[in-house]
2 protein chains.
Amino acid sequence: MVDILHRMGIGASPQGVFEAVTQINRLSAWWTDDTSGTPEIGGVIHFQFGDLGFFDMKVLELDPGRRVVWQVVDGPKEWIGTKVIWDLKPQGEGTTVLFKHQGWTEPVEFMHHCSTKWATYLMSLKALLETGKGDPAPNDYRISLDAD
Amino acid sequence: MVDILHRMGIGASPQGVFEAVTQINRLSAWWTDDTSGTPEIGGVIHFQFGDLGFFDMKVLELDPGRRVVWQVVDGPKEWIGTKVIWDLKPQGEGTTVLFKHQGWTEPVEFMHHCSTKWATYLMSLKALLETGKGDPAPNDYRISLDAD
């Protein structure tokens, strides 16, 4: 098993970051604008990326201001069963986000892509919280030469 | 051992990307503006980031337009002995870059940071090659709340 790891400092409170990863309207403002579902324990959040595909995340843990855990229940086959883990730590007036996309079976080329892509979405999350405007799909930063 | 993986599509030829990761003046234009040394097999390239620190990379492989391998010989203790591997593949008129920072002993928090930071530098490399202007340190994209 291999994991994607990232760390991002964000100039917003842990509660503010927590809301941005647990409320549908806030998720829509930095990851994909087509987000729906039930962001409660046991609920499933649906993240649609136009014709490119989607991820369905079951909410496993919600610890306000501290930790969120999702498990992928539908989407690309490489993603199914993996977990996305958000650990939030206060730092001064802001928050350090430790991000882990855990449990890839193999370090396939698609995993390389998703690692870079997560970084750009974390930058979008940071921008949303620090400036009020993120860059969610379909207007996200493109890292591929063809469709992302 | 754990690895940092990324993939980036760049609108430039494999030879153009190869030059950007093997010539001192090109490395200076996307990673850190304070780059020096001998970018030949067996040579050491010194990447200085002001007072924050530095990386010394020994050049292990140079396969023009296809592959570059560095080994860290001095710098942060977590980096020493790790390898940085660039695999370049032509894609249409452009290049797909497969990036690996291989051989971390443990997935420490600093590794999370470096994973995200590498993504921002790959975006700088892409910008350099596609627009003529990168964002090398010390004017790079900041992902920490304190010094990067």
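**View 1. How the two chains are related in this predicted model.** Lay chain B on chain A and the RMSD comes out at 0.0 Å, after a turn of 180° and a shift of 0.0 Å along the axis (copies are superposed by least squares on the C-alpha atoms of residues with pLDDT of at least 70 in both). That is the relation of a two-fold axis. In chain B, the C-alpha nearest that axis belongs to Ala119(B), at 3.2 Å. Residues are numbered from 1 along each chain as its sequence is written, and chains are lettered from A in the order in which they are written. Local features need pLDDT of at least 70, side-chain atom pairs count only at pLDDT 80 or more, and totals for chains, interfaces and linings use all residues.

**View 2. Where chain B touches chain A.** Here 25 residues of chain B are in contact with 25 residues of chain A (in contact: C-beta atoms, placed from the backbone, within 7 Å). Strand E1 (2–10), strand E7 (94–104) and helix H3 (109–131) of chain B each give two or more residues to this side (DSSP runs numbered from the N terminus; helices are H or I with at least four residues, strands E with at least two). H3(B) chips in the most, with nine residues. As 100% of the interface residues of chain B are also interface residues in chain A, the copies meet through the same surface.

**View 3. Around Leu122(B).** Leaving aside residues up to four places away in sequence, Leu122(B) touches Thr116(A) from the other chain's lettering, plus His6(B), Met8(B), Val97(B) and Phe99(B).

Note on methods
Two residues are in contact if their C-beta atoms, placed from the backbone, lie within 7 Å.
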